Amino acid sequence: AQALGRVLKNIPWLIGASVSQKDAHVYYLYPLRFLEKKLGIQRKTFALAMAKEGFPMQEGYQKPLYLLPYFTHMDHPTYKKGSCPVAEHMYEQKIIMTTICQPPKTKKHIALFGKALRKIEAHVSALQEYERKNK
């Protein structure tokens, strides 16, 4: 996770996990905040491009609980879309997950992950064209 943090310092359109010194994180999944406007492509396109590079990514993580069917079938004003707009926005557009820190992956895999990120950044115009063609 520390090696990944060093890679992410040079990627202005991805923000890695932030953990206070008094807390711990197991990094089973590594959450990233994707900044679409800084990169210029959609999260979905980014995830597809990373998968093509051999690094599948998961868009979002867990849908806000109040939007799961168990809650949405209840007749309760709290359980509806729009109740927590920030959480919904993060789930729908910002959060992307990677398993790059899970064993047996090593620092070598993280270096390759970083190369894939830079490759995507270098080919943004081609990915934007892909998005236009596939609307």
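**Close-up 1. Gly54, after the end of helix H3****.** In this predicted model, Gly54 comes after H3 and has a positive phi, near 95 degrees. Helix H3 itself covers residues 43-52.

**Close-up 2. The buried residues of H3****.** Here's what H3 keeps out of reach: Arg43, Thr45, Phe46, Ala47, Ala49 and Met50 are its buried residues. Keep an eye on Phe46, one of that set, since the remaining views come back to this residue.

**Close-up 3. Trp13 against Phe46, an edge-to-face pair****.** The structure holds 6 aromatic pairs. In the Trp13–Phe46 pair, the ring centres sit 5.4 Å apart with the planes at 80 degrees, and over 60 degrees counts as edge-to-face, so that's what this pair is. The two partners come from distant parts of the chain, 33 residues apart: Trp13 is in the loop between helix H1 (2-8) and strand S1 (14-15), while Phe46 belongs to H3. Both Trp13 and Phe46 are buried.

**Close-up 4. Phe34 on Phe46, a stacked pair****.** This time the planes are at 15 degrees and the ring centres 5.1 Å apart, so Phe34 and Phe46 are stacked; the cut-off for stacking is under 30 degrees. Phe34 sits in strand S2 (residues 30-34) and Phe46 in helix H3, so the contact ties together parts 12 residues apart in sequence. Phe34 is buried, as is Phe46.

**Close-up 5. Three rings together****.** Put the last two views side by side and you get one aromatic cluster made up of Trp13, Phe34 and Phe46. Phe46 takes part in both pairs shown: edge-to-face with Trp13 and stacked with Phe34.

Key: Residues are numbered from 1 along each chain as its sequence is written. This is a predicted model: local features need pLDDT of at least 70, side-chain atom pairs count only at pLDDT 80 or more; totals for chains, interfaces and linings use all residues. Side-chain values use heavy atoms; hydrogens and water are left out. Rings of Phe, Tyr and Trp (its six-membered ring) pair if their centres lie within 6.5 Å; planes under 30 degrees apart count as stacked, over 60 as edge-to-face and the rest as tilted. Helices (H or I, at least four residues) and strands (E, at least two) are DSSP runs, numbered from the N terminus. Buried means under 20% relative accessible area, exposed over 50%, partly exposed in between (1.4 Å probe, protein chains only).
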